[in-house]
Amino acid sequence: MFAARQTFGLFQKRAFSASASQASKVAVLGAAGGIGQPLSLLLKLNPRVSELALYDIRGGPGVAADLSHINTNSTVTGYEATPAGLKAALTGAEIVLIPAGVPRKPGMTRDDLFNTNASIVRDLAKAAAEASPDANILVISNPVNSTVPIVSEVFKAKGVYNPKRLFGVTTLDVVRASRFISQVKETDPANEAVPVVGGHSGVTIVPLLSQSNHPDIEGETRDALVNRIQFGGDEVVKAKDGAGSATLSMAMAGARFAESLLKAAQGEKGIVEPTFVESPLYKDQGVDFFASRVELGPNGVEKIHEVGKVSPYEEKLVEAALADLKKNIQKGRDFVAQNP
Ligand code: NAD
Ligand code: LMR
């Protein structure tokens with residue numbers, strides 16, 4: 001038995017409602033952070049999760065002890081901040097969510113986080129490639145456009161890269177898009193779905209209003225709405241005034257994505273989420289990763305949907321996104337090549 005780990009939970013057995021194929025271990029790396037804590041809370045409330053593994057460089061066991069008192073059936077384990085603790089957290093995980101890393105302060109771009117977060121994500125990816133090479137890896141740490149290619153390069157170097165199991169979490173962009181459009185149209189956001197393609201930063205976030213319920217939104221209203229979706233993160237960074245970026249809405253978005261993957265793994269059909277994956281859509285233009293609507297299945301990525309018909313205005317947005325994405329992706333790859 002791994003001595004450094006602390007296991008909590010009323011029942012140490014599998015959740016009673018989960019069959020063997022449904023027993024799902026989910027690991028959160030960065031679990032004690034602003035996103036990590038509410039994300040772990042939402043996962044603890046999810047009956048599809050049978051085992052929750054929490055790892056952080058500080059505070060993982062404390063968060064686990066707290067969550068373990070919630071009367072749902074899953075076990076919660078907090079792991080010590082050691083290589084052995086990280087390995088134990090990852091071993092057997094079906095899903096690994098990575099919100100580890102520093103958030104923005106006002107005036108910063110997501111790319112300004114690269115110098116700190118690139119090495120954090122690289123090191124966690126190395127551990128995952130060794131301990132949980134078959135897991136679905138969900139990258140939340142920014143800049144997502146670069147951290148996802150970092151994970152892919154690390155997995156390639158270890159000979160275990162499976163592009164169907166690596167996802168940049170862009171769910172918050174579609175969550176925001178449906179909320180913001182509902183505010184413009186005074187509708188229920190539950191009935192709004194706006195596809196958002198590209199990546200996860202500024203102009204790489206491309207909302208396709210022409211494919212929403214409201215293709216009629218035009219002119220200044222359209223420009224303001226698109227800008228708000230592209231720069232929604234900045235709104236939160238500014239309001240938090242130095243205390244970080246979106247955490248609660250991100251936790252909801254991360255939990256939604258994990259839930260979708262679990263549903264797909266457990267046999268539900270037609271589960272589609274937008275996500276930043278290795279994609280054939282713009283490879284001919286040198287852009288190897290792209291977010292679009294992706295159908296999920298038991299093996300991860302089942303089908304990458306085409307962007308579809310877009311307006312001339314949106315075509316220009318996609319063009320601008322591709323130019324930035326190409327640089328962001330290359331930056332991640334170069335980092336691993338130079339700092340293996
Ligand atoms: P935070 O500082 O509150 O929490 C980060 C946590 O990571 C901390 O608890 C820290 O101890 C931990 N950590 C740092 N290095 C680690 C390592 N090597 N191993 C394990 N844990 C480590 O930050 P936050 O607000 O939770 O944001 C985390 C990241 O998520 C940021 O990079 C932020 O930009 C990003 N983010 C992404 C999205 C998205 O849509 N993808 C949305 C919001 C935030
Ligand atoms: C977001 O979109 O809220 C996150 O990427 C965090 C940020 O830096 O804005």
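In which loop is Pro 143 found? In the predicted model described here, Pro 143 occupies the loop that connects β6 and α5. The peptide bond between Asn 142 and Pro 143 is cis, with an omega of about -5°. Most peptide bonds, by contrast, are trans. Asn 142 also belongs to the surroundings of both ligands: it appears in the shell of ligand 2, and it is one of the residues that come nearest to ligand 1.

The overall architecture of the protein chain comprises 10 helices and 12 strands. The C-alpha trace extends over about 60 × 45 × 40 Å along its principal axes. For 340 residues, a compact globule would be expected to have a radius of gyration near 20 Å, and the value of 19 Å computed for the protein chain agrees with this. Buried residues account for 50% of the 340 residues. Among contacts with a separation of 6 or more, 71% are made by residues 24 or more positions apart.

The protein chain is divided into two parts, domain 1 (24-169) and domain 2 (171-329). A distance of 21 Å separates the C-alpha centres of the two domains. Their contact involves 37 residues of domain 1 and 38 residues of domain 2. On the side of domain 1 that touches domain 2, the elements that give two or more residues are α1 (36-44), β5, β6, α5 and β7 (166-168). Of these, α5 gives the most, with six residues. The composition of this side of domain 1 is 21 nonpolar, eight polar and eight charged residues.

Both ligands have shells to which the two domains contribute. Around ligand 1 there are 33 residues, of which Gly 30, Gly 33, Gly 34, Ile 35 and Asn 142 come nearest. By class, this shell consists of 18 nonpolar, 12 polar and three charged residues. Helix α4 supplies the largest share of the shell around ligand 1, namely three residues. At least three residues of the shell are drawn from each of domain 1 (24-169) and domain 2 (171-329).

The shell around ligand 2 is formed by Pro 103, Arg 104, Arg 110, Asn 142, Leu 172, Gly 233, Val 236, Val 237, Ser 245 and Ala 246. Five of these residues are nonpolar, three are polar and two are charged. Helix α8 (residues 232-240) provides the largest share, three residues. Because domain 1 (24-169) and domain 2 (171-329) both give residues to the shell, ligand 2 lies between them.

Helix α4 (residues 114-131), which contributes to the shell around ligand 1, has 18 residues. At 1.5 Å a residue the helix should span 26 Å, and the 25 Å between its end C-alpha atoms agrees with that expectation. The buried residues of α4 are Phe 114, Asn 117, Ala 118, Ile 120, Val 121, Leu 124, Ala 125, Ala 128 and Ala 129. In an α-helix there are 3.6 residues a turn, so residues three or four places apart point the same way. The cover over the buried residues of α4 includes β2 (25-29), α3 (83-90), β5 (95-98), β6 (136-139), α5 (144-157) and α10 (312-338).

Helix α3, itself part of that cover, contains the buried residues Gly 85, Leu 86, Ala 88, Ala 89 and Leu 90. These residues pack against β2, β3 (51-55), β4 (75-79), β5 and α4. Just after α3, Gly 92 adopts a positive phi of about 85°.

Positive phi values also occur at two residues that are not glycine. Most residues other than glycine have a negative phi. Glu 186, however, has a positive phi of about 55°. Glu 186 is situated in the loop between α6 (171-185) and β8 (196-198). With 6 other C-beta atoms within 10 Å, Glu 186 is exposed, the criterion for exposure being 12 or fewer such atoms. Asp 241 likewise has a positive phi of about 55°. Its place is in the loop between α8 and α9 (248-265). Asp 241 is exposed, with 9 other C-beta atoms within 10 Å.

Definitions and conventions:
Residues numbered from 1 in each chain as written. Chains lettered and ligands numbered in written order. Predicted model: local features only at pLDDT ≥ 70, side-chain atom pairs only at ≥ 80, totals over all residues. Near = placed C-beta within 6 Å. Helix = DSSP H or I, 4+ residues; strand = E, 2+ residues; numbered from the N terminus. Nonpolar A, V, L, I, M, F, W, Y, C, P; charged D, E, K, R; others polar. Domains from an automatic or database assignment. Expected span 1.5 Å × (residues − 1). Buried ≥ 20, exposed ≤ 12 C-beta atoms within 10 Å, placed from the backbone. Contact = placed C-beta atoms within 7 Å. Rg over C-alpha atoms; globule rule 2.2 N^0.38 Å.
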